[in-house]
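Hi everyone, thanks for coming along. Let me put the structure up, and then we can walk around it together.

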Amino acid sequence: MDTKIVPGVVKEQSIATLNPADSVMDAVNMMTERKIGAVIIVDNSARLAGIFTERDLVNRVVAKGLDTASTPLKQVMTANPDTLGPDDTAMNALELMSARRYRHLPVIDGETVVGMVSIRDLFNVVKAQLEEDLREREKFIFGSDYGVA
């Protein structure tokens, strides 16, 4: 599975970003509106400062009884997160996410944030690859017209 992160996994993505000074409630609203599990936190130069995830919300905000409206993201985000590069493969991403128990990883090209990879994105890539492998095996075993309606 040598699918590259860009463009194989991350295509034309609208990146959800906030500033470290924004509130947890700003992140919650964005995550709810976009139906996503994480937002990228960028500084004023648009460089990656951190990531804020559903797990951060549960473990660092709710469990500690913090006020979502007054707590800045810089206080509860994961600063300096691990990242992927555009040329990393989906398999690299899966291995890192599995080893470190992540569900989201920012994708960085130089100092520019170009996307976010989720475990769901990688599942879809793996599923498509497995389906293609199965079709190729069926063609080899049964002939090129097997399964064609």
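Let's start with Asn-80, which sits in the loop between β4 and α5. Keep in mind as we go that we are looking at a predicted model. Asn-80 has a positive phi of about 45°, although it is not a glycine. Is Asn-80 buried or exposed? With a relative accessibility of 68%, it counts as exposed.

There is another residue of this kind to point out. Arg-101 is not a glycine, yet its phi is positive, at about 60°. You'll find Arg-101 in the loop between α5 and β5, and it is exposed, with a relative accessible area of 63%.

Now for the salt bridges. How many does the structure hold? It holds 6, and I'd like to show you some of them.

Let's take Asp-82 and Arg-100. These two form a salt bridge in which the closest N and O atoms are 2.3 Å apart. The pair links distant parts of the chain, with Asp-82 in the loop between β4 (78-79) and α5 (90-100) and Arg-100 in helix α5, 18 residues apart. Asp-82 is partly exposed, its relative accessible area being 24%. Arg-100 is partly exposed too, with a value of 47%.

Next, please look at Arg-47 and Glu-111. Their salt bridge has its closest N and O atoms 3.3 Å apart. Which parts of the chain does this pair tie together? Arg-47 belongs to the loop between β2 and β3, and Glu-111 to the loop between β5 and β6, so the bridge ties together parts that are 64 residues apart in sequence. Arg-47 has 37% relative accessibility and counts as partly exposed. Glu-111, on the other hand, is exposed, with a relative accessible area of 55%.

While we are in the loop between β2 and β3, have a look at Asn-44, which is found there as well. Asn-44 counts as exposed, at 75% relative accessibility. To get a feeling for distances, pick out Asn-44 and Met-97: they are 53 residues apart in sequence, and their C-alpha atoms are 28 Å apart in space.

One more salt bridge, and this one stays inside a helix. The side chains of Arg-60 and Asp-56 meet at 3.5 Å, N to O. Both residues lie in helix α3, 4 residues apart, which is about one turn of the helix. Arg-60 counts as partly exposed, at 31% relative accessibility. What about Asp-56: buried or exposed? It counts as buried, since its relative accessibility is 6%.

Let's turn to the pockets. Rolling a probe the size of a water molecule over the atoms shows where empty space is left.

The largest pocket holds about 420 Å³ of space. It is lined by 19 residues, and the ones closest to its centre are Ile-36, Gly-37, Ala-38, His-104 and Ser-118. Which elements give two or more residues to this lining? They are β2 (38-42), β6 (112-118) and α6. By type, the lining residues divide into 8 nonpolar, 5 polar and 6 charged.

The second largest pocket has about 270 Å³ of space. It has 18 lining residues, and those closest to its centre are Thr-53, Arg-55, Asp-56, Thr-78 and Tyr-102. You have met Asp-56 already, as the partner of Arg-60 in a salt bridge. The elements that give two or more residues to this lining are β3 (48-53), α3 (54-62) and β5 (104-109). Which of them gives the most? That is α3, with 5 residues. The residues of this lining divide into 5 nonpolar, 5 polar and 8 charged.

Last stop: the surface. Phe-140, Ile-141 and Phe-142 make a nonpolar patch of about 410 Å² there. Ile-141 lies in helix α6, which covers residues 119-142. You may remember α6 from the lining of the largest pocket. Ile-141 has 59% relative accessibility, so it counts as exposed.

That's the end of my tour. Thanks for listening, and I'm happy to turn the structure around again for anyone who would like a second look.

Terms used: Residues numbered from 1 in each chain as written. Predicted model: local features only at pLDDT ≥ 70, side-chain atom pairs only at ≥ 80, totals over all residues. Heavy atoms only, no water. Patch = residues over 30% accessible without salt bridge, like charges linked within 9 Å, V, L, I, M, F, W, Y side chains within 5 Å. Areas by Shrake-Rupley, 256 points an atom, 1.4 Å probe, with all protein chains shown as cover. Salt bridge = Lys/Arg side-chain N within 4 Å of Asp/Glu carboxyl O. Buried < 20%, exposed > 50% of the residue type's maximum accessible area, 1.4 Å probe, protein only. 1 Å grid on protein atoms, 1.4 Å probe; cavity = no way out; pocket = protein on both sides within 12 Å on 5 of 7 lines; lining within 4 Å. Points joined across faces, edges and corners; volume = space filled by probe spheres on them. Nonpolar A, V, L, I, M, F, W, Y, C, P; charged D, E, K, R; others polar.
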